[in-house]
Amino acid sequence: MALKSESFKLIEEGKARVMVPVIKDESFPPRRSPVFYNPAMKFDRDLSVCLLNSLLNGGEVLDPLCGTGIRGIRYVLETPLEKGILNDVSPMAFRVSRRNVELNSLSEKLSVRRRDANALMHCIVESGRRIDAVDVDPYGSPVKYISSATRVLRRRGILMITCTDTSSLMGTYPRVSLRRYSCWIPRTEFREELACRALVQFVIREGAKQDVFLKPIFSYVGKHYLRAFFCLESGARKVDKALKMVDFLDYDPKSGRTSLGEGRIGPIWLGPLFSKEHLKIALDWIESKGEYLGIKVKGFIKAALLEENDPPFYYDLHLLHSRFKGRCPAMGELIEKLRENGFRASRTLFSPTGIRTDCEIDELKRIWRAISHR
Ligand SMILES: C[S@@+](CC[C@H](N)C(=O)[O-])C[C@H]1O[C@@H](n2cnc3c(N)ncnc32)[C@H](O)[C@@H]1O
């Protein structure tokens, strides 16, 4: 079947030119689109290009749920990854991806398949081949692809995961999070970070079953999605050490008090979510070679570098105000006061009103009162 030209248009994204569907349907995800392409995910693809440049020196990519093929195509054009495989179970996505590979003169470097993603990954494993970077970008939850994506990755390979199943991970449906992620997640004031830590926990435990540590490199929350990057490290000792950082959390919404290692929220990953070492390399890359990606990606990486990497979780400024009353200080003012009092404090990428600090809630109340009752 040929692609009807009136249903598609040619766009440029990064260094790629791709045919994408013309969408008239207002619903999201569009019900009648011949193949899925989301322009709102351009930022995420830009960021992935930038991070891959800081993480890899070459190799092969697998885009097992590729839609138009935009991710795999961009990775081969814009990162050290030299070749790879695009795959989508949809016949139309398969045809569009094949056309897009030709459009970018990548037929020698990218093969296109039409298989179920898990079946393809198992087949690659069976052939003895291993992949350097796998990008799992499904509709909804990625849980059913993590085990085969882990199997297909080589040592030091990079796993990228998108999850649009945000409602169950952000506490709207704790029973669903328990069922899908083996994790009890109620509503909290730090729901974005808790969602990432629940997803990271799931991925680490899936890796542990295969005696590998999927080391978290970077995680963040976008509009309607979570995204996480991991580097596969082997060694049972590393896995055992990592599993010690998977634990429960207690949280009292009234006082805002959190306690790690107790309670019934979780289990979640309590270790670092960011590798500042890689973020610094990513920033150097963007400043030397990646300016074409624009200021948004650069600003995002800079903000991540300014954020304290621990402790886990943040306080929400508006909730602090409703707890402590008085004048609500500006974010910057409160952060400065916390630092003056010897605490670590920063903004967080997870929420524009979140403050990450190692200051306990009672001490925070004292500092708040000193500011707001002056
Ligand atoms: C969110 S879209 C991918 C978007 C694309 N990665 C991008 O950045 O534009 C998910 C894709 O997965 C495909 N898909 C769904 N189930 C699949 C399966 N079991 N195996 C392979 N592809 C599948 C769908 O046809 C759809 O194109």
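**Entry 1: strand β7 and its partners**

I began with a single pair and noted that Asp135 stands opposite Met160 in β7. I was reading a predicted model throughout. I then followed the pairing outward and found that strand β6 (residues 131-136) and β7 run parallel, joined by 5 bridges. Tracing the chain from β6, I passed through helix α5 (residues 143-152) before arriving at β7, and I recorded this β-α-β crossover as right-handed.

I next looked up the other pairing of this strand, where β7 meets strand β9 (residues 225-234) in the antiparallel sense over 6 bridges. In that pairing I marked Thr162, which stands opposite Arg227 in β9. How many of the residues of β7 are buried? I noted 8 of 11 for this strand, which spans residues 153-163 and is therefore mostly covered by the cut-off of 20 or more other C-beta atoms within 10 Å.

I stopped at Arg156, which lies in strand β7 and has a positive phi of about 65 degrees although it is not a glycine. Is Arg156 buried or partly exposed? I entered Arg156 as partly exposed, because 15 other C-beta atoms lie within 10 Å.

**Entry 2: Ser148 in the crossover helix**

Going back to helix α5, I picked out Ser148, which is found there. I put Ser148 down as buried because it has 22 C-beta neighbours inside 10 Å. Leaving aside neighbours within four places in sequence, I found Ser148 in contact with Asn118, Met121 and His122. For His122 I also looked up the C-alpha separation from Ser148, which is 6.4 Å, although the two residues are 26 apart along the chain.

**Entry 3: the ligand shell**

Which residues come nearest to the ligand? I listed Leu65, Gly67, Val89, Ser90 and Ala117, out of the 20 residues around the ligand. Sorting this shell by class, I obtained 11 nonpolar, 5 polar and 4 charged residues.

**Entry 4: a hairpin and two cis peptides**

I turned to strand β10 (residues 246-252) and strand β11 (residues 257-260), which pair in the antiparallel sense over 4 bridges, with Tyr251 opposite Thr258 in β11. I noted that β10 and β11 form a hairpin with 4 residues between them, and that Gly256 in the turn has a positive phi of about 85 degrees.

Checking omega values, I found a cis peptide bond between Gly266 and Pro267, with omega about 5 degrees, and I placed Pro267 in strand β12 (residues 265-269). Another cis peptide bond joins Asp310 and Pro311, with omega about 0 degrees; I located Pro311 in the loop between α11 (295-306) and β13 (315-316).

**Entry 5: the two domains**

I recorded the division of the protein into domain 1 (8-280) and domain 2 (314-374), whose centres, taken over C-alpha atoms, are separated by 33 Å. The contact draws 9 residues from domain 1 and 11 residues from domain 2. Which elements give two or more residues to the side of domain 1 that touches domain 2? I entered α8 (191-208) and β8 (212-222). By class, I found 3 nonpolar, 2 polar and 4 charged residues on that side of domain 1.

My last look-up was Lys325, in the loop between α12 (317-324) and α13 (331-340). Lys325 has a positive phi of about 60 degrees although it is not a glycine, and I marked Lys325 as exposed because 12 other C-beta atoms lie within 10 Å, where the cut-off for exposed is 12 or fewer.

Technical notes
Residues numbered from 1 in each chain as written. Predicted model: local features only at pLDDT ≥ 70, side-chain atom pairs only at ≥ 80, totals over all residues. Pairing = 2+ DSSP bridges. Right-handed = clockwise from strand over helix to strand, strands pointing away. Near = placed C-beta within 6 Å. Nonpolar A, V, L, I, M, F, W, Y, C, P; charged D, E, K, R; others polar. Domains from an automatic or database assignment. Contact = placed C-beta atoms within 7 Å.
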